[in-house]
Amino acid sequence: MNTYTYPKNDALLQRAAQVIPCGVYGHQGPAEGCFIPISAFPKFAAKAKGSYFYDVDGNKFLDYMCAYGPNILGYCDEDVNAAAMEQMAIGDCITAPSYKMVELAELMHETVQCADWTFFAKNGGDTTTLAVLTARAATGKRKIIFVKGYYHGVAQWTQRADAPWVLPSEVEHNLMVDFNDIEGLKKIIEENKDDIACFISTPYMHGNFVDNVLPAPGYWQEVRRLCTENGIILIIDDVRCGWRLDLAGSDHYYGFEADLLCLCKGIANGFNVSALCGKDFLKPTVSSITYTGSYWMSAVPFAAAIACINKMKALGGGQAHLALGRKVCDVLAKAARENGVGLSISGEPSLFYLRITDDNSLMLHQEWIAEMVKRGVYVTNHHNHFTNLSLTDADIDFTGQVADEAFKALKARHPELYQ
Amino acid sequence: MKDPVVMAHVNMWAVLKSLEPLCALDETAKALASPKKPMSIGFHVQGGPMATLHFDEGSCRMTRGNTGKVKLLLPSPQAFNAMVDGDRNPLPYSGLTKVNFLLREFTQLTDLLEVYLRPSQEDLEDRAFFERSTTILFHTVAFALAAIANNDPLGRIAAAAIPDGTIAMEILGGPAVEITARDSRLVTRSRKAERPRSYMIFDSFDTARGLFDGTLESMSALAAGKIRMGGYIPMIDNLNRILGRVAVYLA
């Protein structure tokens with residue numbers, strides 16, 4: 001199997017660095033994206049279709065990052081794109097919002113368990129911020145309970161005081177508890193009684209750099225009870241998991257109901273729309289908050305979202321994703337086992353997280369991931385992965401073959417560890 | 001915002017500590033650090049750090065505690081900071097007979113250190129000087145990281161997020177340090193780490209200099225491949241937060 005090189009990618013990154021901060025900033029860039037080593041990874045895409053993308057050097061990648069989530073059906077899905085193109089010809093960003101917004105909100109109400117209403121925006125962070133604003137406005141309380149290792153976007157309230165761009169006062173009401181720690185949660189509630197606006201969490205702990213942790217039996221039901229009894233708004237950040245477990249919301253999947261549910265990545269197969277869904281009792285409050293954006297009511301993403309939701313329903317929704325994820329995890333586990341490499345696969349199968357367990361520095365893991373990418377399977381070092389519904393059995397078999405070869409390359413480089 | 005107590009720790013454990021690499025790299029400094037008999041100067045900063053500089057046979061070494069043959073008492077961190085800035089010359093309360101070394105050789109050494117830590121553009125055009133200066137600055141920054149991680153309120157937030165283990169930091173073909181995190185405290189040592197849990201390697205003296213001078217930004221340097229990092233990345237991410245505080249204190 002040949003390994004890839006990236007001369008055009010690297011030249012383009014140098015050009016980009018002249019006119020764009022970092023060349024590529026954020027999670028899709030080499031720095032925050034943990035391209036280790038940077039020479040193993042493509043930096044710019046040329047095109048994408050189904051489960052694959054091609055970089056500017058013409059290298060083809062089976063993509064398990066799915067644009068970090070939005071590619072839920074397959075890149076350039078014909079049905080979603082047709083709906084979007086049809087809407088584009090009619091009108092997109094107009095003075096009055098398109099009627100498509102109402103149609104989508106009604107479809108969300110039918111689809112998502114807690115969606116008595118839906119507020120549309122663009123990014124996941126728009127919805128987590130609105131959720132916290134809503135909780136504070138509705139309760140008149142200040143404090144936010146986070147789960148340690150959280151990620152809810154990049155707004156100041158989500159950061160730490162040691163970030164140079166954050167004022168300590170912006171995060172002084174942030175409280176932390178471990179995931180699955182009911183006793184810790186009870187203690188925090190008791191210590192901050194009558195001043196907690198909300199508890200915000202992802203449906204399960206899918207933090208980076210650590211094995212992902214599923215909710216313990218009864219955990220969410222007890223959290224729900226504690227929030228209700230103490231007047232705390234329960235916010236589920238379903239931006240990453242959303243619809244890869246359950247179209248009704250990941251709260252529904254785990255058998256409870258959130259007060260506010262943040263959705264984004266899975267909604268429209270890459271068209272830019274996010275959604276905060278909520279219960280009726282919070283509708284007057286969210287209605288009163290000044291919160292808007294220039295493109296939040298554009299019609300094309302609404303049309304794309306309607307097509308995406310209907311196609312997801314037809315294809316089996318979250319269960320179809322979970323089934324595909326199980327197959328991928330199985331071939332990876334088999335390749336690791338046959339090569340005598342310790343591989344931890346954690347989280348839900350449709351969002352599997354990988355870690356080689358044979359050292360605690362993650363350096364072996366980074367070497368293996370680089371070997372995978374250079375052979376055409378795009379995985380990333382320390383972030384969970386994503387399935388999409390265009391994945392085929394042949395794609396999954398290819399994943400197993402590449403994993404096997406990448407493990408062999410790793411073992412050849414480390415005879416001191418692998419006999 | 002600079003806290004005077006934290007500044008005193010930085011001045012002690014990073015700035016004065018940099019006399020060690022200065023004496024190792026600069027011939028004039030070596031000569032100044034060669035008293036006829038071993039000499040030592042102790043600094044007791046009330047409400048701040050306490051350390052002793054030892055000079056012998058061309059080398060300098062810092063130890064904890066005030067065991068100097070010449071002992072200086074600084075009544076406050078502010079007074080110590082003023083001394084390091086050259087605004088105040090305290091008199092020793094012990095070792096008066098050896099005060100000549102303090103007033104002559106030690107003063108010349110600290111003046112020379114300033115030449116390397118705050119070099120002129122003209123000096124930096126001499127490549128050998130540039131590399132010596134960057135090496136000394138590298139050590140100053142590396143030791144300031146620990147001083148800030150252990151004392152600065154914002155630095156402590158970042159240090160608390162660094163899991164136990166060793167971070168290797170080096171300039172390719174140049175100096176190396178290991179920074180060990182344990183129980184939310186950092187210790188810097190001037191040696192190449194043998195089994196680091198994470199690493200941050202600058203590809204050249206120029207990259208390191210650019211970062212320290214603020215003309216190069218770390219995320220851009222990472223993207224350009226000028227800095228290589230690997231291993232347990234949260235260690236590096238949080239170290240970079242502290243590096244931002246170093247820039248505040250050493251500015």
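## Salt bridges, patches and a buried serine

B:Arg245 is buried, with a relative accessible area of 13%. This is a predicted model, so take everything below as computed from it. The partner of B:Arg245 is B:Asp152, and the two form a salt bridge whose closest N and O atoms are 2.9 Å apart. That pair ties together distant parts of the chain: B:Arg245 sits in helix α11 (residues 233–250) of chain B, while B:Asp152 is in the loop between α7 (127–151) and α8 (153–160), 93 residues apart. Is B:Asp152 buried or exposed? At 2% relative accessibility, B:Asp152 counts as buried, because the cut-off for that label is under 20%.

### Other salt bridges

How many salt bridges does the structure hold over all chains? The count is 36. Side chains of opposite charge can pair when their charged atoms come close. Here are three of the pairs, side by side.

| Pair | Closest N to O | Place |
|---|---|---|
| B:Arg245 and B:Asp152 | 2.9 Å | helix α11 of chain B and the loop between α7 and α8 of chain B |
| A:Glu229 and A:Arg225 | 2.8 Å | helix α6 of chain A |
| B:Lys30 and B:Glu27 | 3.5 Å | helix α3 of chain B |

Take the chain A pair in the table. A:Glu229 and A:Arg225 are four residues apart in helix α6 (residues 219–229), about one turn of the helix. A:Glu229 is exposed at 55% relative accessibility, and A:Arg225 is partly exposed at 34%.

Over in chain B, B:Lys30 and B:Glu27 are three residues apart in helix α3 (residues 27–32), again about one turn of the helix. B:Lys30 counts as partly exposed at 29% relative accessibility, whereas B:Glu27 is exposed, with a relative accessible area of 57%.

### Surface patches

Now for the patches. In chain B, a negative surface patch is built from B:Asp85, B:Asp87, B:Asp111 and B:Glu114. One of them, B:Asp87, is found in the loop between α4 (77–84) and β5 (92–94) of chain B. Why does B:Asp87 count as exposed? Its relative accessible area is 62%, and exposed means over 50%, so B:Asp87 qualifies.

Chain A has a nonpolar patch on its surface, where A:Val19, A:Ile20 and A:Tyr25 make up about 330 Å². A:Val19 belongs to helix α1 (residues 7–19) of chain A, and with a relative accessible area of 68%, A:Val19 is exposed.

### A buried serine and a long-range neighbour

Which strand holds A:Ser274? A:Ser274 lies in strand β10 (residues 274–278) of chain A. At 0% relative accessibility, A:Ser274 counts as buried. Its side chain has backbone partners: the side chain of A:Ser274 reaches the backbone nitrogen of A:Lys122 at 3.1 Å, and a polar atom of that side chain lies 3.0 Å from the backbone oxygen of A:Asn123.

Then there's A:Asp116, placed in the loop between α3 (100–111) and β4 (117–121) of chain A. A:Asp116 is partly exposed, with a relative accessible area of 26%. How far apart in space are A:Asp116 and A:Cys277? They are 7.1 Å apart, C-alpha to C-alpha, although 161 residues separate them in sequence.

Key. Residues are numbered from 1 along each chain as its sequence is written. Chains are lettered from A and ligands numbered from 1 in the order in which they are written. This is a predicted model: local features need pLDDT of at least 70, side-chain atom pairs count only at pLDDT 80 or more; totals for chains, interfaces and linings use all residues. Side-chain values use heavy atoms; hydrogens and water are left out. Patches are made of residues with over 30% relative accessible area and no salt bridge: like charges are joined within 9 Å, nonpolar side chains (Val, Leu, Ile, Met, Phe, Trp, Tyr) within 5 Å. Accessible areas come from the Shrake-Rupley method with a 1.4 Å probe; for residues, only the protein chains shown count as cover. A salt bridge is a side-chain nitrogen of Lys or Arg within 4 Å of a carboxyl oxygen of Asp or Glu. Lys and Arg count as positive and Asp and Glu as negative; His and the chain ends are not counted. The place of a charge is taken as NZ of Lys, CZ of Arg, CG of Asp or CD of Glu. Helices (H or I, at least four residues) and strands (E, at least two) are DSSP runs, numbered from the N terminus. Buried means under 20% relative accessible area, exposed over 50%, partly exposed in between (1.4 Å probe, protein chains only). A polar contact is a pair of N or O atoms within 3.5 Å; within protein, one must be able to donate a hydrogen and the other to accept it, and residues adjacent in sequence count only if both atoms are side-chain atoms.
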